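Hi everyone, thanks for coming. I'd like to walk you through a structure that's new to most of us, so have a look at it while I talk.

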Amino acid sequence: MYNISVEKAPGCIFEISPMSIKRDWMDATSENHAYRCFPVTQANVVGYSLSCKEDIEFIWDGTNDQTPDHIEIVSAPEGTYGGRGQSSVSFHTGLIFRTEENVSLLVMPVPNQFIDGVQGFTTILSTSVLEPALPYAWKITKANEIITIPANTPIASIIPINLTNIQDTN
């Protein structure tokens with residue numbers, strides 16, 4: 001068991017909660033058949049989900065280089081940034097994680113959730129030394145269309161890990 005605390009910066013509209021087994025596409029399968037696959041449902045509930053209380057909307061013009069101004073943020077929380085280039089958009093979540101030494105956060109796309117037009121990056125953050133709020137970024141994969149992520153949709157999965165234990169595995 002890891003000791004983790006999460007503090008919300010003033011004005012933070014991001015939420016963290018235990019992962020849910022539910023996925024829209026699984027609900028749409030005949031007789032909810034997808035839920036009968038234990039490996040899939042087990043992956044759905046590992047870790048915590050990160051979501052935003054507001055809709056997130058943006059559009060990318062299709063230019064994939066290091067220059068800014070190719071992403072228009074239509075609607076998103078303060079701190080959302082589309083000027084980093086390479087068809088990516090980043091979020092400053094306002095969630096500050098504190099963990100014990102040697103605990104990191106694996107931050108990744110939500111398992112078995114598919115959002116048309118975007119793909120979350122997979123990152124590992126050393127939260128025992130990370131001072132600012134948790135950042136997260138997506139790669140936009142669909143150009144010239146408004147991408148809408150409805151409020152309260154999980155946008156990332158957060159799993160505490162110990163890299164030392166993983167690297168010492170034989």
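Let me start with a term: when I say salt bridge, I mean a side-chain nitrogen of Lys or Arg within 4 Å of a carboxyl oxygen of Asp or Glu. And keep in mind that this is a predicted model.

Right, so here's a pair that fits. Glutamate 15 and lysine 8 form a salt bridge, and their closest N and O atoms are 2.8 Å apart. Are these two buried or exposed? Somewhere in between: glutamate 15 is partly exposed, at 26% relative accessible area, and lysine 8 is partly exposed too, at 39%.

Now, glutamate 15 has another partner. Its side chain also meets that of lysine 53 in a salt bridge, 3.3 Å from N to O. Glutamate 15 sits in strand β2, residues 14-18, while lysine 53 is in the loop between β3 (48-52) and β4 (56-60), so this pair ties together parts of the chain that are 38 residues apart in sequence. Lysine 53 counts as partly exposed, with 42% relative accessibility. Put together, Lys8, Glu15 and Lys53 are linked in a network of salt bridges.

As a general point, side chains of opposite charge can pair when their charged atoms come close.

Let's move along to another pair. Lysine 142 and aspartate 116 meet through their side chains in a salt bridge, at 2.3 Å from N to O. These two link distant parts of the chain, 26 residues apart: lysine 142 is in the loop between β11 (135-140) and β12 (147-149), and aspartate 116 is in the loop between β8 (104-108) and β9 (118-120). Lysine 142 is partly exposed at 22%, whereas aspartate 116 is exposed, at 56% relative accessible area.

How many salt bridges does the structure hold? There are 6. As for charges overall, the chain has 9 positive and 19 negative ones, and their mean positions are 6 Å apart.

Okay, zooming out. The protein chain has 3 helices and 13 strands. Its radius of gyration is 17 Å, close to the 15 Å that the globule rule gives for 170 residues, so the chain is as compact as a globular protein of that length. The C-alpha atoms fill a box of roughly 45 × 45 × 35 Å along the principal axes.

Buried residues make up 39% of the 170. On the outside, the chain exposes about 9400 Å², with carbon and sulfur atoms supplying 53% of that.

One last number, on contacts: taking those between residues at least 6 apart in sequence, 67% join residues at least 24 apart.

Conventions
Residues numbered from 1 in each chain as written. Predicted model: local features only at pLDDT ≥ 70, side-chain atom pairs only at ≥ 80, totals over all residues. Heavy atoms only, no water. Helix = DSSP H or I, 4+ residues; strand = E, 2+ residues; numbered from the N terminus. Rg over C-alpha atoms; globule rule 2.2 N^0.38 Å. Buried < 20%, exposed > 50% of the residue type's maximum accessible area, 1.4 Å probe, protein only. Contact = heavy atoms within 4.5 Å. Areas by Shrake-Rupley, 256 points an atom, 1.4 Å probe, with all protein chains shown as cover. Lys, Arg positive; Asp, Glu negative; His and termini not counted. Charge placed at Lys NZ, Arg CZ, Asp CG, Glu CD.
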